[in-house]
Amino acid sequence: MAAPTKLPTQSGAALPGNSALFLLDPQGNITGWTGAAEAASGYPPDELRGTALDRLFTRQAAGDIEAALRKARRDGRVSGEGWLTPKA
């Protein structure tokens, strides 16, 4: 397994080009993402589409991911930082 890397994020309306954004369905499965998210994860689009978001983060982040998904379901969006486990 590759070493975790810090996932670059930025909240707010204006996002810099290096913001790693993942688009999710209501169940938390990845439906799309930015080029920065692809670069950070190391996965090409066809390998992640339909995969649960928590697959990309360390086990220690599982509770944070669940909380973020609840917030996204409630508010329609969520932003934050986390340790991404890139493709080996």
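# Exercises on a predicted model

Ser41 touches Leu48, Leu56, Leu84, Pro86 and Lys87, leaving aside residues up to four places away in sequence. The model is predicted.

## Exercise 1. The surroundings of Ser41

Task: State which element holds Ser41, decide whether Ser41 is buried or exposed, and find which backbone atoms its side chain reaches.

Solution.

Step 1. Ser41 lies in helix α1, which covers residues 35-41.

Step 2. The relative accessible area of Ser41 is 0%. Buried means under 20%, so Ser41 is buried.

Step 3. The side chain of Ser41 reaches the backbone oxygen of Glu38 at 3.3 Å. It also reaches the backbone nitrogen of Tyr43, at 3.2 Å.

Step 4. The contact between Ser41 and Leu48 can be read from the side of Leu48 as well: Leu48 touches Phe22, Ile30, Trp33, Ser41, Tyr43 and Leu56, again without residues up to four places away in sequence.

## Exercise 2. The nonpolar core

Task: Say how many residues the largest nonpolar core has and which elements give two or more residues to this core.

Solution.

Step 1. The largest nonpolar core has 15 residues. Those with the most contacts inside this core are Phe22, Ile30, Leu48, Leu53, Leu56 and Phe57.

Step 2. Two or more residues of this core come from each of β3 (30-33), α1 and α3 (62-75).

Step 3. As a general point, nonpolar side chains in soluble globular proteins tend to be buried together.

Step 4. For the protein of 88 residues, 30% count as buried. The accessible surface comes to about 5,500 Å², and 53% of this surface belongs to carbon and sulfur atoms.

## Exercise 3. Salt bridges

Task: Give how many salt bridges the count comes to, then describe the pairs of Glu47 with Lys87, Arg49 with Asp46 and Arg74 with Asp75.

Solution.

Step 1. The count comes to four salt bridges. The cut-off is a distance within 4 Å between a side-chain nitrogen of Lys or Arg and a carboxyl oxygen of Asp or Glu.

Step 2. Glu47 and Lys87 meet through their side chains at 2.6 Å, N to O. This pair links distant parts of the chain, 40 residues apart: Glu47 is in helix α2 (residues 45-48), and Lys87 is in the segment after β4 (83-84). Glu47 is partly exposed at 35% relative accessible area, and Lys87 is partly exposed at 33%.

Step 3. In the salt bridge of Arg49 with Asp46, the closest N and O atoms are 3.6 Å apart. Arg49 is partly exposed at 46% relative accessible area, whereas Asp46 is exposed at 70%.

Step 4. Arg74 forms a salt bridge with Asp75, with 3.0 Å between the closest N and O atoms. Salt bridges with shared partners join Lys71, Arg74 and Asp75 into one network. Arg74 is exposed, with a relative accessible area of 61%; Asp75, at 38%, counts as partly exposed.

## Exercise 4. The order of the elements

Task: Give how many helices and strands the protein has, the order in which the elements run, and the share of contacts that joins residues 24 or more positions apart.

Solution.

Step 1. There are three helices and four strands in the protein.

Step 2. Starting at the N terminus, the elements run β-β-β-α-α-α-β.

Step 3. Among contacts with a separation of 6 or more, 48% are between residues 24 or more positions apart.

How values were computed
Residues numbered from 1 in each chain as written. Predicted model: local features only at pLDDT ≥ 70, side-chain atom pairs only at ≥ 80, totals over all residues. Heavy atoms only, no water. Buried < 20%, exposed > 50% of the residue type's maximum accessible area, 1.4 Å probe, protein only. Polar contact = N/O pair within 3.5 Å; in protein donor to acceptor, adjacent residues only side chain to side chain. Contact = heavy atoms within 4.5 Å. Areas by Shrake-Rupley, 256 points an atom, 1.4 Å probe, with all protein chains shown as cover. Core = buried A, V, L, I, M, F, W, Y, C linked by side-chain atoms within 4.5 Å.
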